[in-house]
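Biologist: I am new to reading models like this one. Please show it to me, and then let me ask how each label is earned.

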Amino acid sequence: PGPQKPADPTKKTIVVLGSGWGATSLLKNLDTEDYNVVVISPKNYFLFTPLLPSVAVGTLSPRSILQPTRYVTRHKTRAVSVIEAEAKSVDPVNKTVTFVDNSEIQGEVTTTTISYDYLVYAVGAEVQTFGIPGVREHACFMKELHDAERMQRQFMDCVESAAFPGQSAEELERLLHIVVVGGGPTGIELSGELHDFLEDDLKAWYPELAGKIRITLVEALPSVLPMFSKQLIEYTESTFKESKIDILTKTMVKQVKEKSVVLQRPDKSVVDVPCGMVVWAAGNTGRQITKDLMAKLPEAQNNRRGIAVDEHMHMAGTNGSIFAIGDCTATSYAPTAQVASQQGAYLARKLKQIAKKEDAEARLTQLEQERKNISGEENVVKLEQEIESVRKSLAKIKLRPFHYSHQGSLAYIGSEKAIADLPFMNGNFASGGVATFLFWRSAYMSTLFSLRNRTLVANDWMKVKLFGRDVSRD
Ligand code: FAD
Ligand code: NAD
């Protein structure tokens, strides 16, 4: 890319909080000709979450699913300021954001406050623990890159400790029992990936242990994957049965201990089940900063699920100065990447329209002012013609509401099989199996943002086909 235009003090400033699905899609589509843009996120990259479970078992290397935010912003016509920092508070009245650098190495300045004209609030959500004892201390999450890396290390630690000579049969059984909590898509995909790792690699490298590894998926509701059709739920359950992954439905995790997990069974009896590792994939909740921001607008913001927005993604109670998108919002849509990225793209188009509208309004005010002072019939006619034409173009600018177009739900279930619920010719098309798996892969390949990431992921997949997954533990 060529040299970028510098920030322009006559333009309005958009501050974007976050560098995930919503924010990245916004940045990719935003015309920076119209605005000065500042991005603030504690991660200076975009994480491609759908492939995170593949990192947890070493199918993909972590860097393959990261894209530095600057890869997107450096292609913009006007330079975008990318700041690696965590926003700590938003003042919706004075329109400011305060953020801190809480990385390991810091400069002299670590906290600062900046003003915005428009704030795009896209900080996502955090893992929900429901206050269940021991979850934070003993379970692995599956939300951020470091969660996947930690899970991979911990899983291999379980296997290596089981290989340590002299373990009792009981201890072997414990160390090699992996409990996945949550039968939503994250828990299902992770269990499927763990099974693949076991079948494709561990059987060869640890033949004496592989047969003893057990995966149990625990779900509080009567069925897994409630967002998929009944047929695909059954297909997943039967695939898991063949894969020897136990599914315990109507079973609630009550506590996670260092060496076991406490389950409440459907008959309300409570059991302590020994295990080597617990993966917590039980859903998400709003971040503290989101709760604090909502508390500043108690009348407009009282939805416990998240930020209330209108159909233009305006945060209620902020007079159009804050837009909220993605997992931090409470809408009728599911908290998915698909929704967040469509909202980001929508907002980019909308901000373009807003800039056009504001330009036209400013021009109109200026012309109307000139009209008051101008003399000479010819000049007046000319000016009035121009005023009329600006009015017409203003009337043409339509700020349309957000419309979500569902492309379908896809999930990988292991054994080179995937399930897909696709909206198809006004009906639903449900498919499961190997062809769906190939579709799943190609769908993700085409949605991965850059050619660089596509190449890295394809390369990793090929490497695993040729050499298997890496079982070394760092
Ligand atoms: P995120 O993508 O989570 O981005 C939030 C951003 O805000 C991050 O960059 C974060 O670093 C930043 N941030 C956090 N705190 C602050 C702060 N204080 N200040 C500034 N920035 C902050 N959805 C699908 O549709 N299909 C899938 O296949 C799929 N697979 C998934 C697999 C996994 C393992 C997971 C965890 C999720 C998956 N999802 C999937 C869901 C999807 O990832 C989320 O719905 C999506 O990430 C939401 O986008 P977002 O922009 O709202 O939030
Ligand atoms: P989720 O909220 O969809 O599922 C969590 C599950 O955990 C729920 O079914 C809940 O009943 C269960 N649970 C909660 N507490 C429990 C407890 N104490 N004991 C036992 N079970 C418990 O969470 P997720 O799977 O992380 O998904 C989050 C969002 O991301 C969803 O919107 C999902 O659609 C999306 N996502 C989509 C994909 C995909 O499309 N392939 C993949 C991953 C995530």
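Modeller: Start with the word "domain": the bounds come from an automatic or database domain assignment. Keep in mind that this is a predicted model. Here the assignment gives domain 1 as 12-125 + 286-357 and domain 2 as 135-284 + 405-467. Taken over C-alpha atoms, their centres are 29 Å apart.

Biologist: How do you know that domain 1 and domain 2 are in contact?

Modeller: Contact needs heavy atoms within 4.5 Å. By that rule, 33 residues of domain 1 are in contact with 31 residues of domain 2. The two domains bury about 2900 Å² between them. Carbon and sulfur atoms carry 62% of that area.

Biologist: What makes E144 and K43 a salt bridge?

Modeller: The cut-off is 4 Å, from a side-chain nitrogen of Lys or Arg to a carboxyl oxygen of Asp or Glu. E144 and K43 meet at 3.4 Å, N to O. That is within 4 Å, so the pair counts as a salt bridge. Between domain 1 and domain 2 the count is one salt bridge. The interface also has twelve residue pairs in polar contact.

Biologist: Which elements supply the side of domain 1 that touches domain 2?

Modeller: At least two residues each come from α1 (21-29), β3 (45-47), α2 (52-56), β4 (66-68) and α11 (337-373). The largest share is five residues, from α2. By class, this side has 19 nonpolar, ten polar and four charged residues.

Biologist: Now the ligand. Why is G22 said to make a polar contact with ligand 1?

Modeller: A polar contact is a pair of N or O atoms within 3.5 Å. A backbone N or O atom of G22 lies 2.8 Å from an oxygen atom of ligand 1. That is within the limit, so the pair qualifies. W21 passes too, with a backbone N or O atom at 3.1 Å from a ligand oxygen. For A337 the distance is 2.9 Å, again from a backbone N or O atom to an oxygen of ligand 1. In total, 31 residues surround ligand 1, and the closest are S19, G22, T49, D327 and Y444.

Biologist: Why is the pair K230 and E234 called a salt bridge?

Modeller: Their side chains meet at 3.1 Å, N to O. The limit is 4 Å, so the name fits. Both residues lie in helix α9 (residues 230-242). They are four residues apart, about one turn of the helix. The whole structure holds 22 salt bridges.

Conventions
Residues numbered from 1 in each chain as written. Chains lettered and ligands numbered in written order. Predicted model: local features only at pLDDT ≥ 70, side-chain atom pairs only at ≥ 80, totals over all residues. Heavy atoms only, no water. Buried area = accessible area lost by both parts, 1.4 Å probe. Polar contact = N/O pair within 3.5 Å; in protein donor to acceptor, adjacent residues only side chain to side chain. Nonpolar A, V, L, I, M, F, W, Y, C, P; charged D, E, K, R; others polar. Near = heavy atom within 4 Å.
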